[in-house]
Amino acid sequence: MELFFAPLACSMSARIALTEAGAANLVEVDTHAGRVLATGADYREINPLGYVPALRLDDGTVLTENAAILQFIADEHPAAGLAPPKSDPLARARLRQWLSFIGTELHKGLMLPLLGRETPPEVKAWAVRKYASRLAYLDDKLKGREFLLERFSVADAYLATILNWTQATPEIDLAAYPNVKAYLERLRQRPSVAAALGVEAPLFRAEIARRKAA
């Protein structure tokens, strides 16, 4: 399988999951130009919506949407323990609950407005006010816990990826959420997360340089 990714985008969570599973085959995408970086191929022929991640299976099937891809990776590599077993439906529901919360409340609801270049300041201020309760909720849930579930899961890979974006959003001070802050600092030290950041941060800088030169 091939994971199509863009540096430091939400696709980094799937990279982390694949690294945990010991099965990484990654293809970089320039989402700004809409092309596969190595070949120049039109990325919209793979994902018509143009965003990452996309996962192309060995038979050519393409799977999109981060939460679906993360769960597929976990199920394809059960030995990695990235999701609760199917025999525990409640724990599986808890995993989907966290993936939904991260995707809707933090990723799309909070972070995208804050990271948008054209987002008006008053909209950013509104987003911070509205979604502060979500960060407070997360902070409470992480009190005394190492991970979102009983062990590291694809939900943690996703959450670490999204929380890492707070480095670029001065509107959010994680010091106000000490359990969230400690969680992110702890996960940044996890080998799979540290490796993903070590690879993707330089690629991100290279991407920015390409855009400026274009």
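Two strands pair if DSSP finds at least two bridges between them. With that criterion in hand, the sheet of this predicted model is a convenient place to start. In the outer part of the sheet, Ala54 stands opposite Thr64 in E5. This pair belongs to the contact between strand E4 (residues 54–56) and E5, which run antiparallel and are joined by three bridges.

The sheet as a whole is open and has five strands, in the order E3-E2-E1-E4-E5, with mixed pairing. Strand E3 (35–36) and strand E5 (62–64) each have a single partner strand and stand at the edges, so one side of each is left without a neighbour in the sheet. Helix H2 (residues 66–76) packs on the sheet, where it touches E4 and E5, and its direction makes about 120° with that of E5.

Moving along the strand order, E1 is joined to E4 by three bridges, and these two strands run antiparallel. Here Ala54 appears again, as the bridge partner in E4 of Phe4. Ala54 thus has Phe4 as a bridge partner and stands opposite Thr64 in E5. Three bridges also join E1 to E2, but this pair runs parallel; within it, Phe5 has Glu28 in E2 as its bridge partner. A further helix, H7 (residues 191–213), lies across strand E1 (2–5) and strand E2 (26–30), and its course is at about 30° to E2.

The loops around the strands hold some backbone features worth a look. Most residues other than glycine have a negative phi, and most peptide bonds are trans. Against that background, the peptide bond from Val52 to Pro53 is cis, with omega near 5°. Pro53 is found in the loop between E3 and E4. Leu8, although not a glycine, has a positive phi of about 65°, and its place is in the loop between E1 and helix H1 (12–21). Glu65 is another residue other than glycine with a positive phi, in this case near 80°. The loop that holds Glu65 runs between E5 and H2.

Attention now turns to the packing of helices. Two packed helices are described by the angle between their axes and the distance between the axes. For helix H5 (residues 154–164) and helix H6 (residues 178–188), the axes come within 10 Å and cross at roughly 110°. Angles of 65 to 115 degrees count as roughly perpendicular, so H5 is roughly perpendicular to H6. On the H5 side of the contact are Asp156, Leu159, Ala160, Leu163 and Asn164, which meet Val180, Tyr183, Leu184, Leu187 and Arg188 in H6. By class, this contact of H5 with H6 has seven nonpolar, one polar and two charged residues.

The pockets complete the description. The largest pocket holds about 1,100 Å³ of space. Its lining consists of 31 residues, and those nearest its centre are Leu8, Ala9, Leu112, Leu115 and Trp165. Leu8, one of these central residues, is also the loop residue with a positive phi of about 65°. H2, helix H3 (89–115), H5 and H7 are the elements that give two or more residues to this lining. H3 gives the most, with seven residues. Sorted by class, the lining of the largest pocket has 16 nonpolar, 10 polar and five charged residues.

The second largest pocket has a volume of about 330 Å³. Of the 18 residues that line this pocket, Arg94, Arg145, Leu148, Leu149 and Glu150 lie nearest its centre. Two or more residues of the lining come from each of H3 and helix H4 (121–141). H3 again gives the most to the lining of the second largest pocket, with four residues. The classes here are nine nonpolar, three polar and six charged residues. H3 is thus the element that gives the most both to the lining of the largest pocket and to that of the second largest pocket.

Methods:
Residues numbered from 1 in each chain as written. Predicted model: local features only at pLDDT ≥ 70, side-chain atom pairs only at ≥ 80, totals over all residues. Heavy atoms only, no water. Axes fitted to C-alpha atoms, helices over the stretch in contact; angles between N-to-C directions. Parallel < 35°, antiparallel > 145°, perpendicular 65-115°, else oblique. Contact = heavy atoms within 4.5 Å. Nonpolar A, V, L, I, M, F, W, Y, C, P; charged D, E, K, R; others polar. 1 Å grid on protein atoms, 1.4 Å probe; cavity = no way out; pocket = protein on both sides within 12 Å on 5 of 7 lines; lining within 4 Å. Points joined across faces, edges and corners; volume = space filled by probe spheres on them.
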